[in-house]
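Visitor: Please take me through the structure shown here, one question at a time.
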Amino acid sequence: MASSLSHFPILLVFLLFTAFLSADSQSFIGVNYGQVADNLPPPSDTAKLLQSTAIKRVRLYGADPAIIKALAGSGIAIAIGAANGDLPALASDPNAAAQWVNSNVLPFYPASKIDLINVGNEVLLSNDQGLISQLLPAMRNVQSALSAASLGGKVRVSTVHSMAVLAQSDPPSSGLFIPGFQDVLKGLLAFQRDNGSPFAVNPYPFFAYQSDPRPETLAFCLFQPNAGRVDSGSGVKYMNMFDAQVDAVRSALNAVGFKDIDILIAETGWPYHGDSNEVGTSVENARAYNGNLIAHLRSMVGTPLMPGKSVETYIFALYDEDLKPGPASERSFGLFKPDLTATYEVGLTKSSQTPSTPTVSPSPKPTSGQWCVPKSGVSDAQLQANLDYACGHGIDCSAIQPGGACFDPNTVASHAAYAMNLYYHTVGTVPLNCDFSQTAMLTSSNPSYNACSYTGGST
């Protein structure tokens, strides 16, 4: 055989598939709803849009009552935010915290499913020692106000951090917080452990690629076929930057004694446009990152340090925010346009969230009349990476093992073609699943031969 293939246990494959079919299993997929714009659609239209998708969570940076009210009865969980400027009052006066909860939570709950309050955003990076010292008292007062309103344990209280609070993140097993932040973080984490709230952080593989713009780094960041990166400390091979960044946070939490604190991804995304000096900003890359991230979360594979579960993740962002300052990329993260059409397809619509049934036989039945095959001229090394990637993501590659109907010819090219097509038809027949770092294409010509039948057609 051209390669040694790894396969998930049958039970895991079954669980993966049932996760696709259950809408509830996707309750970890959320989106950020920023409002630094002058062209956003009415909240009622946005609520209808969200209900037409697989998005189950929305994060607001404030607590806009019109949006919260529009989401009433939708079943969509809502994270609201207290601004950094609110911290002094919330920290110094329990009555101010009670009033904040009375104004921003109680009038809407439980019809509007508010389940998280983020108190402050990236406060530690402000370098304002006064503000930093007020963060924990503000969180405590908000928690007390919720408990007084009988919402303790129903609405979580957290705060959002930048990845820059880590002094070290590569390799993931060496993840450590900046020493100067550790005392503050230990206080915050002790409070969060006591109240069952997650550590919220903003990992962006996009920025990692900007600092290391090599082709192999792009594939690693976009969840595309790549050679992987071995953690020199643990020996674990990482196949994507998202898992590596999340596990670096896990290692940092473990290092300060908080192995039992969950992680929440408050922001992650990829811009589809940028200035001429912003490498990697394109529709193709944004589609690949967000689409593959969603597929990764839905798979329930988890990360090497947190296997078998998906982290609650909020994609940045629902819409572009055209009034944001900075480079063009800052205004180009939106999954949807103001007219409610998709900027690009990532498999979030309810009609696209359920893929075709995974193949359990080397002679699958026709499904779409299209096949995913390698482009001409692709190197054996790239085809091997595609083969390893496809067969390592839960598909049944037994047909290209010795004795299988598609084992012969025993070449990398033949085996990769079978696996890539099966991957495309297993995870969902959308173009991004037949990308493979731009080395694959769709064809209407059936590649089946002899007794080897490719999904999508028959011999």
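Visitor: What span should the 12 residues of helix α12 (residues 380-391) have?
Guide: Helices here are DSSP runs of H or I with at least four residues, strands are runs of E with at least two, and both are numbered from the N terminus. The expected span is 1.5 Å times one less than the number of residues. The end C-alpha atoms of α12 are 16 Å apart, which agrees with the expected value of 16 Å.

Visitor: On what basis are these values given?
Guide: This is a predicted model, in which local features need pLDDT of at least 70 and side-chain atom pairs count only at pLDDT 80 or more, while totals for chains, interfaces and linings use all residues. Residues are numbered from 1 along each chain as its sequence is written, and side-chain values use heavy atoms, with hydrogens and water left out.

Visitor: What covers the buried residues of α12?
Guide: Buried means under 20% relative accessible area, exposed over 50%, and partly exposed in between, with a 1.4 Å probe and protein chains only. The buried residues of α12 include Leu383, Leu387 and Tyr389. Their cover includes β15 (371-374) and α13.

Visitor: Is asparagine 421 buried or exposed, and which residues is it in contact with?
Guide: Asparagine 421 lies in helix α13 (residues 412-427). Because its relative accessibility is 1%, asparagine 421 counts as buried. Contact means heavy atoms within 4.5 Å; leaving aside neighbours within four places in sequence, asparagine 421 is in contact with Gln370, Trp371, Cys372, Tyr454 and Thr455.

Visitor: In what order do the strands of the closed barrel run?
Guide: Two strands pair if DSSP finds at least two bridges between them. The barrel has 8 strands with parallel pairing, and its order is β1-β2-β3-β4-β5-β8-β11-β14.

Visitor: Which residue stands opposite isoleucine 29 in β14?
Guide: Strand β1 (residues 29-33) runs parallel to β14, joined by 3 bridges. Strand β11 (residues 263-268) is also joined to β14 (residues 312-315) by 3 bridges, again in parallel. Isoleucine 265 stands opposite threonine 313 in β14. The residue opposite isoleucine 29 is likewise threonine 313.

Visitor: Which residues of β14 point the other way from Glu312 and Tyr314?
Guide: In a regular strand the side chains alternate between the two faces of the sheet. Glu312 and Tyr314 point one way and all four residues are buried; those pointing the other way are Thr313 and Ile315.

Visitor: At about what angle to β11 does helix α10 (residues 241-255) run?
Guide: Axes are lines fitted to C-alpha atoms, for helices over the stretch in contact, and angles run from 0 to 180 degrees between N-to-C directions. Helix α10 lies across β8 (199-202), β11 and β14, and its angle to β11 is about 135°.
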